[in-house]
Amino acid sequence: MSNVIAINAAASKHIDAARATSDEKLLAEIAKGGRTAMHVLYSRHNVRVYRFVLRIVRDTTMAEDLVSQVFLDVWRTARQFQGRSQVSTWLLSIARFKALTALRQRRHEDIEQEDVLEIADGADTPEASLDRASTSAILRACVAKLSPAHREIINLVYYHEKSVEEAGEIIGIPQSTVKTRMFYARKQLADLLKGAGVESLAA
């Protein structure tokens with residue numbers, strides 16, 4: 001019995017150590033076949049990758065399938081990561097490529113945007129919850145009206161908090177182009193929000 005407890009304690013300690021490890025070190029472990037490291041990296045980034053992909057493909061089932069493909073690629077190609085960018089940037093680059101490829105393959109189909117459900121704060125009054133959900137819906141609708149290139153910049157910089165340099169790496173364009181697209185995307189989004197009567201977000 002004491003041996004079982006010792007083994008369980010050692011396994012738990014190993015998992016805790018992996019959770020405290022940097023993404024770069026996790027990838028190095030994954031390259032050697034480390035399943036615990038793979039599990040930790042997936043737990044750490046799968047939601048971010050899913051949300052990113054969902055904003056491109058606008059289909060929950062396809063997004064879930066693509067997330068699986070992204071992490072399968074990570075498992076197979078971890079040794080190819082050269083550390084020139086953050087691991088999260090590398091993951092989103094893989095995710096973007098897969099999402100755009102999937103869209104090209106399904107170009108003939110109508111891909112409807114599925115609304116992301118808003119989780120209401122229990123402390124909110126029904127009126128406040130409704131107002132917050134309404135504002136959020138207006139913002140999503142305005143972002144959806146942007147061109148694909150401008151929508152992608154807003155998605156990366158504001159939703160995924162990527163720097164201009166990282167956004168350029170993910171999309172494969174110069175930083176100057178990222179800045180130009182961001183300027184016009186923000187200007188267009190402000191006009192759309194103003195037109196929708198949401199002055200506070202348009203400012």
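**A walk through an all-helix chain**

The protein chain has 10 helices and 0 strands. Keep in mind as you look around that this is a predicted model. Reading from the N terminus, the elements follow one another as α-α-α-α-α-α-α-α-α-α. The chain has 203 residues, and 36% of them count as buried. Now think about contacts between residues with a separation of 6 or more: 61% of these join residues 24 or more positions apart.

Let us begin with a single helix. Helix α2 covers residues 23–31, and its buried residues are Asp23, Leu26, Leu27 and Ile30. Where do these buried residues of α2 fall when you look down its axis? They lie within an arc of 100 degrees, so they line one face of the helix. Try turning the model until you look along α2, and find that face for yourself. After α2 comes Gly33, which has a positive phi, near 95 degrees.

Next, let us see how two helices meet. Helix α7 spans residues 148–159 and helix α9 spans residues 175–195; they pack at an angle of about 95 degrees, and their axes are 9 Å apart. Angles of 65 to 115 degrees count as roughly perpendicular, so α7 is roughly perpendicular to α9. Which residues make the contact? On the α7 side they are Ala149, His150, Ile153, Ile154, Val157 and Tyr158. On the α9 side you will find Val178, Arg181, Met182, Tyr184, Ala185, Arg186, Gln188 and Leu189. Sorted by character, the residues of this contact are 10 nonpolar, 2 polar and 2 charged.

Finally, look for the aromatic rings. The structure contains 3 aromatic pairs, and we can visit two of them here. Phe81 and Trp90 form a tilted pair, with 5.2 Å from centre to centre and 55 degrees between the planes. Are these two residues buried or exposed? Phe81 is buried, and Trp90 is buried as well.

Another pair brings us back to α9. Phe183 and Tyr184 have ring centres 5.1 Å apart, and their planes stand at 80 degrees. Planes over 60 degrees apart count as edge-to-face, which is why this pair is described that way. Tyr184 also belongs to the α9 side of the contact with α7. Its relative accessibility is 46%, so Tyr184 counts as partly exposed. In Tyr184, then, you have one residue that takes part in a helix contact and in an aromatic pair.

Terms used:
Residues are numbered from 1 along each chain as its sequence is written. This is a predicted model: local features need pLDDT of at least 70, side-chain atom pairs count only at pLDDT 80 or more; totals for chains, interfaces and linings use all residues. Side-chain values use heavy atoms; hydrogens and water are left out. Axes are lines fitted to C-alpha atoms, for helices over the stretch in contact, and angles run from 0 to 180 degrees between N-to-C directions. Helices (H or I, at least four residues) and strands (E, at least two) are DSSP runs, numbered from the N terminus. Angles under 35 degrees count as roughly parallel, over 145 as roughly antiparallel, 65 to 115 as roughly perpendicular and the rest as oblique. Contact means heavy atoms within 4.5 Å. Ala, Val, Leu, Ile, Met, Phe, Trp, Tyr, Cys and Pro count as nonpolar, Asp, Glu, Lys and Arg as charged, and the others, Gly among them, as polar. Buried means under 20% relative accessible area, exposed over 50%, partly exposed in between (1.4 Å probe, protein chains only). The arc is that of the directions from the helix axis to the C-beta atoms. Rings of Phe, Tyr and Trp (its six-membered ring) pair if their centres lie within 6.5 Å; planes under 30 degrees apart count as stacked, over 60 as edge-to-face and the rest as tilted.
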